[in-house]
Amino acid sequence: MKRLLPCRDCRRPVLWTITEAGKRMAVDPDPDPAGNTAVWRDGTGAVRSRRPSAELPLTGWERLYMPHVATCPTRTEQLALPGALPPGVTSLDAHRRKKRR
Ligand SMILES: [Zn+2]
C-alpha cells in the first residue's frame, strides 16, 4: 500500500518518503531506473529514501525512484527562474504542510 498524496504544486499524486535527515521528500509514484533516489519501506511501515553512493549502493530491497522536484512542472518552472531557492530549503513549505493537517 502506497501513501500517495497530491503534490501541492501540480496536484499529481506523489509518494512521500522520509530522508535520512528526517525530512519529507516527494518522489514520483512508480519506480524509475533513471531516478537517483533509493526507496524502501522500513519495519514500521514508513517509506524511507536515501541517495545511493559508491560505498552504499542500491540493495535488494530498495528501488530507484525519481524525485518529484525533477518532474514537477510547477517546480521546474520555479527552478528556471533566476534566484529561485533550491528545493527543500524553504521553511514556508514545512509551515504549509503542517497547516494542511
Ligand atoms: Zn508537483
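Student: Buried means under 20% relative accessible area, and exposed means over 50%. With that in hand, are Arg 50 and Glu 62 buried or exposed?

Tutor: In this predicted model, both Arg 50 and Glu 62 are buried.

Student: And what do their side chains form?

Tutor: The side chains of Arg 50 and Glu 62 form a salt bridge, with 2.7 Å from N to O. The pair links distant parts of the chain, since Arg 50 belongs to strand β5 (residues 47–50) while Glu 62 sits in the loop between β5 and β6 (63–65), 12 residues apart.

Student: How many salt bridges turn up in the whole structure?

Tutor: The search finds three. Besides the one between Arg 50 and Glu 62, there is a bridge between Asp 42 and Arg 48, whose closest N and O atoms are 3.7 Å apart, and another between Asp 9 and Arg 8, at 3.7 Å from N to O.

Student: Is Asp 42 buried or partly exposed? What about Arg 48?

Tutor: Asp 42 counts as partly exposed at 22% relative accessibility, and Arg 48 is likewise partly exposed at 22%. In the bridge between Asp 9 and Arg 8, Asp 9 is partly exposed at 23%, whereas Arg 8 is buried at 16%.

Student: Changing topic to the metal: which residues coordinate the zinc ion?

Tutor: The zinc ion is held by Cys 7 through SG, Cys 10 through SG, His 68 through NE2 and Cys 72 through SG, at 2.1 to 2.4 Å. Along the chain these donors follow the spacing C-x2-C-x57-H-x3-C.

Student: Why is the arrangement called tetrahedral?

Tutor: Because the four donor atoms subtend angles of 103 to 118 degrees around the zinc ion, and four donors count as tetrahedral if all angles lie between 85 and 135 degrees.

Student: What do Cys 10 and Cys 72 tie together?

Tutor: Cys 10 lies in the loop between β1 (4–6) and β2 (13–19), and Cys 72 in the loop between α1 (68–71) and α2 (73–80), so the pair ties together parts that are 62 residues apart in sequence. Cys 10 is buried with a relative accessible area of 19%, and Cys 72 is buried with a value of 0%.

Student: Which residues does Cys 72 touch, leaving out those up to four places away in sequence?

Tutor: Cys 72 touches Cys 7, Asp 9 and Cys 10. Two of these, Cys 7 and Cys 10, appear among the zinc donors, and Asp 9 is the partner of Arg 8 in a salt bridge. In addition, the C-alpha atoms of Cys 72 and Arg 12 are 8.3 Å apart in space, although the two residues are 60 residues apart in sequence.

Student: Where does Val 14 lie, and how far is it from Cys 72, C-alpha to C-alpha?

Tutor: Val 14 lies in strand β2, and its C-alpha atom is separated by 9.8 Å from that of Cys 72, 58 residues away along the chain. Val 14 is buried, with a relative accessible area of 0%. Not counting residues up to four places away in sequence, its contacts include Leu 4, Leu 5 and Pro 6, as well as Cys 7 and His 68, and those last two are donors to the zinc ion.

Student: What is the sign of phi at Arg 11?

Tutor: Phi of Arg 11 is positive, near 70 degrees, in a residue other than glycine. Arg 11 is found in the loop between β1 and β2, and it is exposed, with a relative accessible area of 52%.

Student: How about rings: how many aromatic pairs are there, and which ring does Arg 24 sit over?

Tutor: The search of the whole structure finds zero aromatic pairs, but the charged end of Arg 24 sits over the ring of Trp 16, 4.7 Å from its centre.

Student: Last one, zooming out: what pattern does the chain follow?

Tutor: Read along the sequence, the pattern is β-β-β-β-β-β-α-α-α, with three helices and six strands in the chain. Of the 101 residues, 28% count as buried, and among contacts between residues at least 6 apart in sequence, 50% join residues at least 24 apart.

Note on methods:
Residues numbered from 1 in each chain as written. Predicted model: local features only at pLDDT ≥ 70, side-chain atom pairs only at ≥ 80, totals over all residues. Heavy atoms only, no water. Phe/Tyr/Trp six-rings, centres within 6.5 Å; stacked < 30°, edge-to-face > 60°. Lys NZ or Arg CZ within 6 Å of the ring centre and 35° of its normal. Donors = N, O, S within 2.8 Å, 3.2 Å for Na, K, Ca; no water. Tetrahedral: all angles 85-135°; square planar, octahedral: opposite > 155°, others 65-115°. Helix = DSSP H or I, 4+ residues; strand = E, 2+ residues; numbered from the N terminus. Buried < 20%, exposed > 50% of the residue type's maximum accessible area, 1.4 Å probe, protein only. Salt bridge = Lys/Arg side-chain N within 4 Å of Asp/Glu carboxyl O. Contact = heavy atoms within 4.5 Å.
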